Amino acid sequence: MRTKNNALPGHVAMLVANMLWGLMAPVSKDTLNFFAENGISPIVLPALRIIGATIAFWTLSFILQHEHTTRRDKRSLFFAGMFSIAFNQCLFIVGISFTSPIDASVVTTMLPIVTMIMAALVLKEPLTQLKAVGVMVGMSGALLLVLGDGAGLHIDKDHIIGDAMCFTAQVSFACYLVFFKNLINRYSGVTLMKWMFLFSLIVSLPFTLPYLMAVPWSEVPLKVYSEICYTVFVATFMSFLLITVGQKRLRPTVVSMYNYIQPVMSTTISLIWGVATFGITKGIAIALVFAGVYVVTQSKKRIEQSNG
């Protein structure tokens, strides 16, 4: 049984990881705008994330004590890397190129719902009314943040394709959270991620290398390089390391609920940078997000108490 003290580091890790991902949204947007203006494929950004994180995790693994992994677990880590990194990141980035950021943000709110259903079917995680209410409250807050300015969804052929790809990316990550829960508990975060990113690199590089070679790197401004460094080493390397801490201590549904922190962080940064204004709608939306996360957490505690 998870105690409160054991769960606390998991909650902190998930909060920080999703805050870093939330900050990545406005940072990477500027990078992708530069790519679009200069005819650079958006697939270059997830390719750089995979390459950079692979180098970082393997470098760190050489510094730390070696941890042996079995051949069977390496096969599992291969598929874990495909679901959580290669499929998830590439599908989402390419999907955004077809659809709008608003549509993509709305689709990401489906992650906790998909995870909750999968966890109930696969892990037999109790599907309680309190948990369902928490997920819906959190989703309503995230949707209010995204759509609160009156912007609506766009429906046309390209947007449907993009939305479908973004949704598939969420399903892919939900599969990772649910199906590889036991695997995550057996190894350290560095060991897990060094293999997952390496396998993702091996699979994705043949497809992304031509796009990487076509980039006029000498013409890329320093500002964009700094944004890429944040995306690769902070929002990818550090965030994925933190994710393993959360996965070891929290149920998959609780882990996925922290996905709603990302639009909160993006909105907060936009307010600080002066590109958005704060009003009662945003205040209510942020309150709903945190309330939803809290309710799902309380649902887990009640289940543990009843089983104890």
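A charge is taken to sit over a ring if NZ of Lys or CZ of Arg is within 6 Å of the ring centre and within 35 degrees of the ring normal. In this predicted model, the charged end of K194 meets that description with respect to W58, lying over the ring at 4.5 Å from its centre. A second lysine, K74, is placed over the face of W195, where the distance to the ring centre is 4.8 Å.

Both tryptophans belong to a wider aromatic arrangement. Ring pairs join W58 and W195 with F62, F78, F79 and F199 in a cluster. Across the model, the count of aromatic pairs comes to 15. In general, a pair of aromatic rings is described by the distance of the centres and the angle of the planes.

Attention may now turn to helix α10, which spans residues 222-249 and contains T244. The relative accessibility of T244 is 2%, and the residue therefore counts as buried, since that class covers values under 20%. Beyond four places in sequence, T244 has contacts with I184, G189, L192 and M193. The side chain of T244 also reaches back to the backbone, coming to 2.6 Å from the backbone oxygen of L241.

A loop residue offers another view of the fold. S41 is located in the loop between α1, residues 4-37, and α2, residues 44-63. With a relative accessible area of 21%, S41 is classed as partly exposed. Leaving aside residues up to four places away in sequence, S41 touches F35 and Y211. In addition, the C-alpha atoms of S41 and V94 are 9.1 Å apart, although 53 residues separate the two in sequence.

The cysteines may be considered next. A disulfide is a covalent bond between the sulfur atoms of two cysteines. The count of disulfides in this model is zero. C166 has a relative accessible area of 0% and is therefore buried, whereas C229 is partly exposed at 41%.

Finally, the confidence of the prediction should be kept in view. The protein chain has a mean pLDDT of 82, with 83% of its residues reaching 70 or more. Over residues 302-308, pLDDT stays under 50, and the model has seven contacts beyond four places in sequence for this segment.

Terms used
Residues are numbered from 1 along each chain as its sequence is written. This is a predicted model: local features need pLDDT of at least 70, side-chain atom pairs count only at pLDDT 80 or more; totals for chains, interfaces and linings use all residues. Side-chain values use heavy atoms; hydrogens and water are left out. Helices (H or I, at least four residues) and strands (E, at least two) are DSSP runs, numbered from the N terminus. Buried means under 20% relative accessible area, exposed over 50%, partly exposed in between (1.4 Å probe, protein chains only). A polar contact is a pair of N or O atoms within 3.5 Å; within protein, one must be able to donate a hydrogen and the other to accept it, and residues adjacent in sequence count only if both atoms are side-chain atoms. Contact means heavy atoms within 4.5 Å. A disulfide is a pair of cysteine sulfur atoms within 2.5 Å. pLDDT is the predictor's confidence in each residue, from 0 to 100. Rings of Phe, Tyr and Trp (its six-membered ring) pair if their centres lie within 6.5 Å; planes under 30 degrees apart count as stacked, over 60 as edge-to-face and the rest as tilted.
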